[in-house]
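This briefing is written for someone meeting the structure for the first time. Please look over the sequence and the model, and then read on through the topics below.

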Amino acid sequence: MELDRISNLPSDVIGKILSFLPIKEAVKTSILSSKWRFQSAMLPHLVFDDQCFSTQNHKTFENIVDQVLLLHIGPIHTFKLSRPDLPATSEIDRWIRHLSRNSVNELILHIWKGDPYKIPSCLFSCQDMVHLELYNCSLKPPSTCKGFRSLKSLCIDEVTMAQDVFDNVIVSCPLLERLTLTNCCGFTHVKIHAPNLKFFHFEGLFEHVTLENTLSLAEVYIYLDFDYDRRQAPASYCHLIKFFVHLPHIRRLTIQGYFLQYLAVGALPGKLPKPCLYLSFLSIDIYFSDPCEVLAAQCLLRSSPALQELEIMANHENQDQAVNVEVKSWLDANQNWSFTQLRLVKITSFSGSEAELDFIKFLLSSSPLLEILTVKPAASVVDSLELLKRLIRFRRASVHSEIVYLEP
């Protein structure tokens, strides 16, 4: 009798094979033998998306999810529900209720169609959850909610929640290490109190951002999506200082949209009271038409002695002579400043204004270890060749530096 090698594979090998298959294919393997049947019912990672089942019938899809959960044996580490044609339905309530009784570790819920899905209160009893990812949902925890005590990663996109709900959710996740907020609504003050937070990503609108007890933050990305009105804050209140005082260990920072405009509010110092000693990567959008933004960027650069890589997206609107005077004044006052670690610089949307050229001249003359300066002009630049000629004539502190000029 021929040896049945498939049936006699070790359980851990079978489990490894099944982990690489979509649920649809993994369930089909149950016909191979009783050993495989039980293995497919013990899959710890359940992923239901458009690659999992081709059916477009909502009822059929719901029946499949019901059957998989009903026959499942053992713990569920991951449950992902993400289908472009799936609206918020009462069946999702039932699935989450089932998961709340089975100590799910990772929950990914993307509602791509229709109104935001109202998260049922039973979700907040999942105290073993480590990763939570929500899209197009509405959060309103019960009054008895104590937060997610084990949560380390929270990613919410197009999620609606009140200001007090947002504040309480963040405070009630003491182990939180990664936080991503994208286009959320219902709150305008982004207040982050998270002692273990290492990664923070924000895109959208806010009136104020406050970081408290975030001494472990190493990587921050913020995109502010509207023109910030500086009149909202008193001149004596410096957003730049307030923001960085709780970021002593920041290593990577991306400032996009109008966030530099927000940081430029108030009396700007020449240097931050406490320098960013570990900041090695900085990506920043600068409106060179705004002298306050230019000065805020220069303050940040001068406060980053470990900077190795710098990316600048140059924005320019109606630049006047006053801006050039501001830039020249700062450059003249900092002629002896040196970027001792800077190796890579990339400037995009370069228009060739005097303020931008003076800024590049300063970087080239102050960076003894610079290896590559990449410049990509804006599409509106007419005489690209003339700009290149001016750039290559600038004095360079590094004999090994190279200028890479990309055509618009």
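Which residue in S12 is the bridge partner of Glu203? The answer is Tyr223, and the strands concerned are taken up again below, after an overview of the chain. The model is a predicted one, and the values given here should be read with that in mind.

**The chain as a whole**

- The chain holds 12 helices together with 18 strands, and of its 408 residues 47% count as buried.
- When contacts between residues at least 6 apart in sequence are considered, 66% of them join residues that are at least 24 apart.
- The area that the chain exposes comes to about 19,800 Å², and carbon and sulfur atoms supply 53% of that area.

**The largest nonpolar core**

- The largest nonpolar core is made up of 113 residues, and within this core Phe79 and Phe200 are the residues with the most contacts.
- Helix H11, which covers residues 354–365, gives the most to this core, contributing seven residues.
- Leaving aside neighbours within four places in sequence, Phe79 is in contact with a set of residues that includes Leu46, Phe48, Val65, Leu69, Trp95 and Glu106.
- Leu46, one of these contacts of Phe79, belongs to strand S1 (residues 45–49) and is buried, because its relative accessible area is 1%, which falls under the 20% limit.
- Although Leu46 and Phe79 are 33 residues apart in sequence, their C-alpha atoms are 4.9 Å apart in space.

**Paired strands**

- Strand S10 (residues 199–204) pairs with strand S12 (residues 219–224) in the parallel sense over six bridges, and the match of Glu203 with Tyr223 in S12 is one of the partnerships to look for.
- S12 also pairs in the parallel sense with strand S13 (residues 252–257), again over six bridges, and here Leu224 stands opposite Gly257 in S13.
- S9 and S11 run parallel and are joined by five bridges, with Val209 in S11 as the bridge partner of Val190.
- In a regular strand the side chains alternate between the two faces of the sheet.
- Strand S11 (residues 208–212) has a covered face formed by Val209 and Leu211, while His208, Thr210 and Glu212 make up the uncovered face.

**Aromatic rings and charges over them**

- A search of the whole structure finds 13 aromatic pairs.
- In the pair of Trp112 and Tyr135 the ring centres are 4.6 Å apart and the planes stand at 35°, so this pair counts as tilted.
- This pair links distant parts of the chain, with Trp112 in strand S3 (residues 106–113) and Tyr135 in strand S5 (residues 131–135), 23 residues apart.
- Trp112 counts as partly exposed, because its relative accessibility is 44%.
- Phe166 and Phe187 form a stacked aromatic pair, with 4.3 Å from centre to centre and 5° between the planes.
- Phe166 lies in helix H6 (residues 163–171) and Phe187 in the loop between strand S8 (178–182) and strand S9 (189–193), so their pairing ties together parts that are 21 residues apart in sequence; both Phe166 and Phe187 are buried.
- One aromatic cluster is formed by Phe202, Phe206, Phe243, Phe244, Phe259 and Tyr262.
- Arg178 lies over the face of Phe199, at 4.0 Å from the ring centre, and the charged end of Arg252 sits over the ring of Phe281, 4.0 Å from the centre of that ring.

**Residues in loops**

- Most residues other than glycine have a negative phi.
- Glu158, however, has a positive phi, near 55°; this residue is found in the loop between strand S7 (153–157) and H6, and counts as partly exposed at 34% relative accessibility.
- Asn183, in the loop between S8 and S9, has a positive phi near 50° and is partly exposed, with a relative accessible area of 36%.
- Ser304 has its place in the loop between helix H9 (291–302) and strand S15 (309–315), and is buried, because its relative accessible area is 1%.
- Not counting residues up to four places away in sequence, Ser304 touches Cys276 and Leu279.

Key:
Residues are numbered from 1 along each chain as its sequence is written. This is a predicted model: local features need pLDDT of at least 70, side-chain atom pairs count only at pLDDT 80 or more; totals for chains, interfaces and linings use all residues. Side-chain values use heavy atoms; hydrogens and water are left out. Helices (H or I, at least four residues) and strands (E, at least two) are DSSP runs, numbered from the N terminus. Buried means under 20% relative accessible area, exposed over 50%, partly exposed in between (1.4 Å probe, protein chains only). Contact means heavy atoms within 4.5 Å. Rings of Phe, Tyr and Trp (its six-membered ring) pair if their centres lie within 6.5 Å; planes under 30 degrees apart count as stacked, over 60 as edge-to-face and the rest as tilted. A charge sits over a ring if NZ of Lys or CZ of Arg is within 6 Å of the ring centre and within 35 degrees of the ring normal. Accessible areas come from the Shrake-Rupley method with a 1.4 Å probe; for residues, only the protein chains shown count as cover. A nonpolar core is a set of buried Ala, Val, Leu, Ile, Met, Phe, Trp, Tyr and Cys residues joined through side-chain atoms within 4.5 Å. Two strands pair if DSSP finds at least two bridges between them.
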